[in-house]
Amino acid sequence: MANLTIRKLDDAIRDELRLRAARNGRSVEDEVRVILRDAAQQQPHEPQTVPRTPLPMLAKSALPAGEPAHGLPRVTLIIGGGIAAYKALDLIRRLKERHIEVRCVLTKAAQQFVTALAASALSHQRVHTDLFDPESEFDAGHIRLARDADLIVVAPATADLMAKMAQGHANDLASAILLAANRPILLAPAMNPLMWNNAATRRNVMQLRRDGVAMVGPNAGEMAEAAEAGVGRMAEPTEIAAAAEHLLRPPRSRPLKGKRVLITAGPTHEAIDPVRYIANRSSGKQGFAIAAAAEAAGADVLLISGPVDLAAPAGVSVTHLESARQMLQRAEAALPVDVAIFAAAVADWRVAHEGEQKLKKAAAGTPRLELVENPDILATISKLRDKRPGLVIGFAAETENLIENAKAKLARKGCDWILANDVSPALGVMGGDRNTVHLLTRNGAEIAVDSWAAMTKEQVAAKLIAHIAKAVEKAS
Ligand code: C5P
């Protein structure tokens, strides 16, 4: 029989194939075999005996960013025994709509209200009901069901289940999973208002909250019991699904949203003639990492870079240029900005008279290069009257007397903060991936020095952006 190469399949079909193989606990190859065999026998190829709603075809690019390495986030949904259990079936759908895998556990009491068959049909997974299940594919089922999830949701969380949890009981599958869990737990309590307000339940709720358990609801409203109303209705499935997603995919904090941040990075190249230039060893890594961190914090980032071998961070527009004078021009054109961070290793000098043609070796001897000072971009922007950014930050790359030199630089350049780092060749900072920095902040005549431990340039960037976010918040 001809071999089938999965790599040659269309992306969407391949993803669907992988998902269904994972759902059915088979390898992709075995799944293909089952499909082919069933097709040949003209039989439906799903293992379940009930009709299943097909999963939406998911292209990888359609999946939310930052999903767990094993694919879609997984929820173990424990359905407790209450009248609201019927809503848990809808909850399965609402979770799956949000691209969350659901594996259901039904308590004994829950099976009085909904069937395992219905939960299995909706979740497309085997449903678990027994602590000692000889059929289970898991060795210690309660441990696997607790650990093989990114979140455990209990809906409805009955008074009895909550009492067991608060006390640490483990005499059935649901309570054993909850006791064995090392993942976040979300409860959607549902019970009669008298039970919810009972002193015992109040104590249990308080204990569970102290234990770090999250809760959604209960809501106020009519009860299933005739003519009864009050707090105790289970939150709606859409509310529970939203709360679950919030825990699984916490919204990124974007403290610099709406702020314009200008960053310079990399070295500059100062031309000697059309083919030669003066340069330095800056890699641009620290500046690019700061740009990425600022973007992640929601800022509108303008990155101006000298010649580097780095890809633009996602979402950041980079202007590439060569010389210090071009860099100053571009920085001025970018104003006004809220924050400016000058991480570029700008050449202090350039050649006074750039050769129009390549300099030739001559019998007259070695050419003499006359140097003139480059404009100081940091000092120029720091001393602006009209468009001075609210916060101006410079770098001090030193090989000796780090702190004293950095303090002097802070005063001389007129910026607000300086990040000082030792760039002695032995430390490998220039071009390396780690940095040891000291943050100097000026408050009137006072200068505070905050020395950070050695860390990656990305960590330095994240820490700097966190400090900036705090300062920006304080100033507004
Ligand atoms: O004077 P020094 O080069 O040590 O100062 C370093 C700081 O000043 C860095 O923040 C660097 O980006 C900035 N700088 C500048 N323009 C220059 C020289 C340095 O913006 N011409």
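The following exchange sets values from a predicted model against the definitions that classify them.

Me: What makes a feature of this model eligible for discussion?
Reply: The model is predicted, and local features need pLDDT of at least 70, side-chain atom pairs count only at pLDDT 80 or more, and totals for chains, interfaces and linings use all residues. Residues are numbered from 1 along each chain as its sequence is written.

Me: Why are H11 and H15 called oblique to each other?
Reply: Helices (H or I, at least four residues) and strands (E, at least two) are DSSP runs, numbered from the N terminus. Helix H11 (residues 285-296) and helix H15 (residues 457-475) pack at about 50°, with their axes 8 Å apart. Axes are lines fitted to C-alpha atoms, for helices over the stretch in contact, and angles run from 0 to 180 degrees between N-to-C directions. Angles under 35 degrees count as roughly parallel, over 145 as roughly antiparallel, 65 to 115 as roughly perpendicular and the rest as oblique. H11 and H15 are therefore oblique.

Me: What makes residues part of the contact between H11 and H15, and how do they divide by type?
Reply: Two residues are in contact if their C-beta atoms, placed from the backbone, lie within 7 Å. Among the contributors are Ala 289, Ile 290 and Ala 293 of H11, and Val 460, Ala 461 and Leu 464 of H15. The contact of H11 with H15 comprises 10 nonpolar residues, one polar and three charged. Here Ala, Val, Leu, Ile, Met, Phe, Trp, Tyr, Cys and Pro count as nonpolar, Asp, Glu, Lys and Arg as charged, and the others, Gly among them, as polar.

Me: Why are S12 and S20 said to stand at the edges of their sheet?
Reply: The open sheet has eight strands in the order S12-S11-S8-S13-S16-S17-S19-S20, with mixed pairing. Two strands pair if DSSP finds at least two bridges between them. Strand S12 (317-320) and strand S20 (446-451) each have a single partner strand, so one side of each is left without a neighbour in the sheet. From one strand to the next, the twist averages 15°.

Me: How do you know that S16 and S17 pair?
Reply: Six bridges join strand S16 (residues 391-398) and strand S17 (residues 417-422) in the parallel sense, and the pairing rule asks for at least two. Phe 395 has Leu 419 of S17 as its bridge partner.

Me: How do you know that S4 and S5 pair?
Reply: Strand S4 (residues 185-189) and S5 share two bridges in the parallel sense, and at least two are needed. Leu 186 stands opposite Ala 214 in S5. The open sheet containing S4 and S5 has the order S2-S1-S3-S4-S5 and parallel pairing, and its edge strands are S2 and S5.

Me: Which residues come nearest to the ligand, and what makes a residue near?
Reply: A residue is near a molecule or strand if its C-beta atom, placed from the backbone, lies within 6 Å of it. Of the 14 residues around the ligand, Phe 342, Val 346, Ile 377, Leu 378 and Gly 394 come nearest. S16 gives the most to this shell, with three residues, and the shell divides into eight nonpolar, three polar and three charged.

Me: What makes the backbone at Pro 156, Pro 218 and His 99 notable?
Reply: Most residues other than glycine have a negative phi, and most peptide bonds are trans. The bond joining Ala 155 and Pro 156 is cis, with omega about -10°. The bond from Gly 217 to Pro 218 is also cis, with omega near 5°. His 99 has a positive phi of about 60° although it is not a glycine.
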